[in-house]
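Please read the following account with the sequence and the 3D view side by side. It goes through a few single residues and then turns to the ligand.

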Amino acid sequence: MLKGVLNYAHYLLEESIEKGEKVIDATCGNGNDTLFLSNIVGEHGHVYAFDIQEQAIASTRKALISHQRTNVSLIHDSHSQIGDYIKKTEIGGAIFNLGYLPKSDKSIITKAASTVTAIDSILTLLKKGGLVVTVVYYGHKGGKDEKKSLLAYLLQLDQKEYNVLRYGFINQKNDPPFILAIEKKI
Ligand code: SAH
């Protein structure tokens with residue numbers, strides 16, 4: 001019955017993104033969410049996929065080629081620079097997977113300052129009713145600092161403008177991931 005965290009993240013995006021829209025994968029990693037978003041927006045939509053690691057960009061590129069996707073821009077830069085790449089464009093939704101790239105260098109992690117800067121930029125571009133979904137992994141070194149700062153930032157968002165949801169399983173051991181989703185109301 002209850003959806004797992006990754007399924008629920010996808011469900012939220014599927015429910016709020018329309019075909020033909022422009023969307024953002026802020027941490028493309030191995031490209032799973034990029035492919036997922038590419039499917040939802042369809043051939044007339046577009047996905048902007050960011051990652052700071054060459055390895056992540058390369059594996060996402062490989063996945064896109066093998067699935068014959070042409071509606072994605074791969075951007076090898078920090079998501080904190082989103083405003084340099086996407087201007088005056090309405091965004092239908094966005095996803096972040098926080099933490100480190102699985103099976104890779106655990107010292108290359110998302111960090112609160114850039115995560116918050118990126119979310120802030122996306123919120124200015126987001127459509128009314130759009131969602132920014134973050135999957136928060138915080139079991140690694142540095143993860144708890146990011147979680148704390150991100151929660152502090154989201155707590156002060158005006159409830160007249162945004163709904164902020166937390167979704168996760170509170171009886172799981174070992175720092176289970178959870179979702180923080182922001183809905184733009186106006
Ligand atoms: N922990 C998740 C995966 C997280 S992947 C899981 O287990 O499934 C996180 C990705 O974010 C990595 O590929 C990493 O290179 C990327 N990343 C880290 N900082 C970033 C930044 N500032 N901008 C864009 N991507 C970033």
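Lys103 is exposed, because its relative accessible area is 88% and the cut-off for exposed is over 50%. The model in which this value was computed is a predicted one. Along the chain, Lys103 belongs to the loop that runs between β4 (91-97) and α5 (112-125). The backbone of Lys103 has a phi near 60 degrees, which is a positive value in a residue other than glycine.

Asp175 also has a positive phi without being a glycine; here the angle is near 45 degrees. Asp175 sits in the loop between β6 (162-167) and β7 (178-184). Is Asp175 buried, partly exposed or exposed? Its relative accessibility is 29%, so Asp175 counts as partly exposed, since that class covers the values between under 20% and over 50%.

The next residue to find is Glu21, in the loop between α1 (5-16) and β1 (22-25). Glu21 counts as buried because its relative accessibility is 15%, and buried means under 20%. What does the side chain of Glu21 reach at 2.9 Å? The partner is the backbone nitrogen of Glu18. The side chain of Glu21 also makes a polar contact, at 3.0 Å, with the side chain of Lys127.

Now move to the ligand. The space that the ligand takes is the largest pocket. How many residues surround the ligand? There are 20 of them, and the closest are Asp51, Gln53, Ser78, His79 and Leu98. By type, the residues of this shell divide into nine nonpolar, nine polar and two charged.

Some of the distances between the ligand and the protein can be followed atom by atom. Ser78, one of the closest residues, has a polar side-chain atom 3.0 Å from a nitrogen atom of the ligand. With Tyr100, the backbone takes part: one of its polar atoms is 3.4 Å from a nitrogen atom of the ligand. Tyr137 has a polar side-chain atom that lies 3.5 Å from an oxygen atom of the ligand. As for cover, the ligand on its own has 580 Å² of accessible area, and the protein covers 89% of this.

Terms used
Residues numbered from 1 in each chain as written. Predicted model: local features only at pLDDT ≥ 70, side-chain atom pairs only at ≥ 80, totals over all residues. Heavy atoms only, no water. Near = heavy atom within 4 Å. Polar contact = N/O pair within 3.5 Å; in protein donor to acceptor, adjacent residues only side chain to side chain. Areas by Shrake-Rupley, 256 points an atom, 1.4 Å probe, with all protein chains shown as cover. 1 Å grid on protein atoms, 1.4 Å probe; cavity = no way out; pocket = protein on both sides within 12 Å on 5 of 7 lines; lining within 4 Å. Sits in = over half its atoms within 2 Å of the grid points. Nonpolar A, V, L, I, M, F, W, Y, C, P; charged D, E, K, R; others polar. Helix = DSSP H or I, 4+ residues; strand = E, 2+ residues; numbered from the N terminus. Buried < 20%, exposed > 50% of the residue type's maximum accessible area, 1.4 Å probe, protein only.
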